[in-house]
Every structure is written in C-alpha cells, then in structure tokens.
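Trainee: Could you take me through one part of this structure closely, the place where the two chains meet, and then show me what else is worth a look around it?

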Amino acid sequence: MRTLIALLFGALIAAVLWSFVVAPGRGWWMPASVSTYGGDIDKLFNTITVVLAVAFVGTIGGLAWLVWRGTRTTTVRALHTHGNARLEGAWTFVTGGLLLTLALMQLSVWRAIQAERGSGGKPLVRVLAAQFDWRFRYPGVDGMFDTADDFETPYRLVVPVDERVVIELRSRDVIHGFFVPALRLKQDVLPGSALTAWFEAHTPGEYDLICTQLCGSGHYRMAGKVQVVSRADFDAWNERMQREWRTNGQERP
Amino acid sequence: MFRPTIRERRARTPALQRATAAAAALCLCVACGFEPGPAPLEFSLSGATQSALEDAPAVRDQIARELTTLFGTPSQPAYAPHPAWDAAGVDLNQPDASAGAPYPGLAAAAETYRRECLHCHGVEGGGDGPSAFGLTPAPRDVRLGIFKYTALKDQSRPRRADILHTLEQGIAGTSMPNFQRLAPAVRESLADYVRYLAIRGEVESALVLTWREEEELSPEAVGEALTFVWSRWAKAPSKLVVYEGEVPAASKERIARGDALFHDPLKGNCASCHGTSGAGDGPAAWKIGVDGQREPAYSDAWGRPIRPRDLREGLFHGGSRPIDIYRRIYAGIPGGPMPALGETMKDGEPLLSSEEMWCLVHYVRSLSLREGP
C-alpha cells in the first residue's frame, strides 16, 4: 500500500513534468512573443518556472519518500522531537533568499516597463472596455481626444509595427483585464481611472486580445484582436476610417 | 454487543460510498433534466398571442400549424413557397451572399443563433432568453418587426445591411456586443435568420388580427397576411437616408446654431425631452407617478417605460458618427417617441433644413466632446 501511494506521488511529478514538455507543441503554451519587452518577461517567467519546478519536485518527492519511509512496520518506538532551530533557520533563509533574488531580478524589467508608462508620449488610442465589448477610440486628424473628428471602432485594435504605442485604458462599468498574450501585456482596466500602458510590437500580424477579469456573464466572449501593421498601412487605415467616419451615408448600397 | 472490526469497516465503506455517489449523480441528472446533447428546439406562440386567444385553443393550434407550414421549425427553418417571395425577386431561402464566401444557409444560421444569440434573444427572437433577465435595456423583441437603429426613414423594416451593421458594431451602451469574430458570411446568414424570425413574428400577430376581424382563418387570409408583412420589408431599400454632398464640418458657428435650435420650442424642441443640458431630464419626458415618484412619461412599442438619452455621455446606441446622429434626427427612432424631424412640415415648408439638422448633429455630439458649448 505505502509503495503504491509513493508511486502515485511519483506519477504526479511525472505527469506535471510531461505536461510542461509537451505543452509548447500542443499550443498549450504562450504564443511567441512579438513585443520588445516580451523576451525579458519570458526570461523571468522561465526562471521562475524552473525554480518552482525544482521546489515542486523536491516537495512532492520528499513527501513521497516520507510516506514510503515513515509508514513501514517497525517495532522501534517513535522519537519525539520539538523544533530544530538550525533546520528552521536554514529553511527560512534559503526560501527568503530565493524570493529576494527573484524580486531583485524582476526589478529592472518591471521598472523599464512601468517607469515609461507615463512618459511614453501621447496615447495613440483609447481603449474603452464595457460589458462585453472592446471599443477603440482614435483621436483623428488633430491627434487630440474628445474632439469632433475622433473615431471609434469595436473589436480590432490597429497599431503600427516597430513603434512605441501608448494606450489609455478606461472602463465604463466594472473591472476588465486587457491581456494580449503575444505582446506579454496585461493591464487591469479600472472604472473611473484612465490608466496608460505601452508596448512596441516587432512583428506584423493579428493577435488575440482577451479579458482577464471575470466581468460578468459574457466575460468568456469578451474578445478582440490586435492587428500590427506597417506604418504605411496604419496611415492608410487611419485615413480610410476617418473618411468612413465622415460618410454621408451613400457608401453602402 | 456487535462492533465491526476496523477491517470490516474498511471493506464496507468504498461500496457504500460508490453507491451513494451514483445515486446522488442520478438524482442530480433527473432533477436538472440533463440529457446528453441539446434537445431540438421548438417555436412557441408569443405571450401576446396566447393571451389574445386564451378562449380559442383551436385557433391557437391552427395558427401554430400555419406558422410551421410557412416557416418550418428552428432545426429546419425554411420559407414555404409563396407569391410574395417570388415578387421579391430573391429566393429568401438562398439569398445572395457576399462574393466568394460560401453562404451557410438558414439551418446553419439557426445553429449559430442558438449558440450566440438565443441566450438573450430567445428561441423566437422575443428578447426573452434565459440571460435576458435584468438587462437594461432589454434585448430586442424582433417579433414586432421594429428595429430602432437603421439607416432608413418612415419607420421602415430594416435591410440586411442594417442588421449587419448592428452585428458588426454592437450597440454601445447596451449588452449587445459586436460579432466581428464571426466570419462575414456567417454574419450575413445570421442577419437573414433575424429577418426570418421577425417576419415569422409579424405574420403570427397578423394572423391573430385577421382572426379577430373575420373570425376565421382561410388559406387566402393567411396568404394575404404574408403578402402584407413582406410588402413592408420589400420597401426597405428605397428608404435609405443619405445626405447629398459632403458632411458639413463641426464649426463653432454650427454648434452655436445647433444650441439655439435644440432649445427653440418652435424648431428642434429637443430640450423638451432631452433637457436643457442634454441630460435626458426634459419636462415632457417625465411625469409624477401614482406613488409620487418621477417616472418616464412615455412607453415604447414593447410596452416598457422609455427615457430620453443622456446626450452628455456620448453613448449613442445607433452609432456616434455624424451620419448616425443625422439619421436619428431625420428619421426618428421607430418604436419610441423620438420624432422624425427631417420629415416634419410646418406651413408647407420643412420644419428644419438639412443644414439646420447638421447644426443639431454637431451640437449634440459636442455635448460629450471638449469643444462643447
């Protein structure tokens, strides 16, 4: 029986490790990063994953060994102990040191992303989140929001490639989460606040945008696309949208 | 005294647990009416029909039968052959799809509708799906054939392009999201299915009306009801509101003139409902109810209290492009008290010129913009 339980723990370790090995090939992993800071975030993510993997295997493996070793039939009386300062100190300092190291490691990446949040220039677009839709408001010709030539479009956020894009996030009702996995960008959208975030995409393409805060019954379908295009295409699209915004209604049959 | 040994207890428990778990699961399945796979859907008669024909179950059954003959069922939706469709010059069961895209057809559209729309809009499009409870504004009941946000005048039935526009843009400020994640051809078929549900609902109430007037439902009367309903849909393409020429720019002068027209009781008279500041608190739109509370003075075509839009929020259900607001002012909003100012005449002259309506458009838009008055 005790061997069986120990083997089950072993199987758990094997299954978890196996899932990590096969995940990228089955699309269970994050999509390839297309953002300038995505590489740094991936490095941190992988480091933390490795640390956690070692801790996980060590803990579960230790547990398995204790189950196997501690439940054998024996005639020796159990030993009563009360605390071991050296062991507890080591345990506390090793774990604390590990967490401190991780905290220091992420500091520079965090600062590089967060410090430039406000100073990254004027927002290119205002993201308007509402149950259960993403809408994007562009400032139009004058580059200023809340003027007559602003235009709005749902679903698709179009941005130029190889440029720092600052976005302003607003919510009309509840907390939403603006998450673009390919950009490694995740920012909560809070009602009553206009938060900014930035990214710089280096590969043109169409990427998923999803809501990561359970915002209500339609949360699961609150999806959109981020379309990264060349500067020329972006300008052409911007021009076309502005023209469509000023339409006199004759363009559609 | 009998006491089971530990070994005996161990041996007995798993079987007992297994039996209990199985029984609990069975109870759960029976209680929830769970069956593997979706059950086929069926159209029901609307609440209005059922209460109107409460004392005439035979007529109720006849109307249900006629509707099934004319429109099929949710799993096999199809228009029966009828002269009205031939007159349209299109096969409603196989409408033109956009170039190159394979058109899914009504049956596939019904499946898409079931997955994407039914939970709010209901099986018959009555706006009474399971998730509709508590939504403000309530999901559209399409069975009246009234669609509020179209590009058309004269309270017209919508074109496919109008329904498609709503599917593409959603309705900002409501629970209606956009459906751009569906392929264009799928959206087209969905728009056709919405039209199908609306026509079916309109024919249903037309049949009830016919029976009330003639106290019988002859095959000719059924055909006439269908022809009448379709004639309203067939007119839609000729009802498009467009503006000849370039949309006038939002200048300070136009906004100021729009401000004056908005508040002028003999011109726009918008402030009477939308309020002096555009907050939707005008005296004409509100009354004091029996309980002494302020409540909306008007009801919409669906019998719900309707309040004027707060124009300062910049959330325009029919779209916030200048042309969208122009169309709302020109053609009004079907199903509600918003009048069609573009069609209103005074002393043989139009009440407002196009230029004056554009001034109103820019004033209304400016209320939510920084160049506001």
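Mentor: Happily; we will start at the interface and then move out into each chain. Please keep in mind that this is a predicted model.

Let us begin with the overall extent of the contact. On one side, 35 residues of chain B take part, and they are in contact with 28 residues of chain A. Together the two chains bury an area of about 2,600 Å², and carbon and sulfur atoms give 44% of that. On the chain B side, the residues that lose the most area to chain A are Arg181(B), Arg321(B) and Arg370(B), which together make up 21% of what that side buries.

One of those arginines deserves a closer view. Arg321(B) has its side chain in a salt bridge with the side chain of Glu244(A), with a distance of 2.6 Å from N to O. In general, side chains of opposite charge can pair when their charged atoms come close. Across this interface, the rule finds two salt bridges. It also finds twelve residue pairs in polar contact between chain B and chain A, both residues being at pLDDT 80 or more. Where on chain B do the touching residues come from? Helix H5 (106-116), helix H7 (160-169) and helix H12 (322-331) of chain B each supply at least two of them. By class, the side of chain B that touches chain A divides into 13 nonpolar, eleven polar and eleven charged residues.

Now let us step back into chain B. Over all chains, a search of the whole structure finds 31 salt bridges. One pair to find on your screen is Arg160(B) with Glu188(B), whose closest N and O atoms are 4.0 Å apart. This salt bridge links distant parts of the chain, as Arg160(B) belongs to helix H7 of chain B and Glu188(B) to helix H8 (residues 184-214) of chain B, 28 residues apart.

Chain B has some backbone details too. Most residues other than glycine have a negative phi, and most peptide bonds are trans. Glu215(B), however, has a positive phi of about 60 degrees although it is not a glycine; this residue sits in the loop between H8 and helix H9 (219-234) of chain B. Thr136(B) and Pro137(B) are joined by a cis peptide bond, with omega about -5 degrees. Pro137(B) is found in the loop between helix H6 (118-121) and H7 of chain B.

Chain A has a cis peptide bond as well: this one joins Gln131(A) and Phe132(A), with omega about 0 degrees. Here Phe132(A) lies in the loop between strand S1 (125-130) and strand S2 (133-138) of chain A.

Finally, look at a helix pair in chain A. The axes of helix H1 (residues 2-22) and helix H2 (residues 38-70) of chain A come within 7 Å and cross at roughly 170 degrees. With that angle, H1(A) is roughly antiparallel to H2(A). By class, their contact has 15 nonpolar, three polar and two charged residues. Phe9(A), in helix H1 of chain A, is a good place to zoom in. Leaving out residues up to four places away in sequence, Phe9(A) touches Ile60(A), Leu63(A), Ala64(A) and Val67(A). Phe9(A) and Val67(A) are 58 residues apart along the chain, yet their C-alpha atoms are separated by 9.5 Å.

Definitions and conventions
Residues numbered from 1 in each chain as written. Chains lettered and ligands numbered in written order. Predicted model: local features only at pLDDT ≥ 70, side-chain atom pairs only at ≥ 80, totals over all residues. Heavy atoms only, no water. Axes fitted to C-alpha atoms, helices over the stretch in contact; angles between N-to-C directions. Helix = DSSP H or I, 4+ residues; strand = E, 2+ residues; numbered from the N terminus. Parallel < 35°, antiparallel > 145°, perpendicular 65-115°, else oblique. Nonpolar A, V, L, I, M, F, W, Y, C, P; charged D, E, K, R; others polar. Contact = heavy atoms within 4.5 Å. Buried area = accessible area lost by both parts, 1.4 Å probe. Polar contact = N/O pair within 3.5 Å; in protein donor to acceptor, adjacent residues only side chain to side chain.
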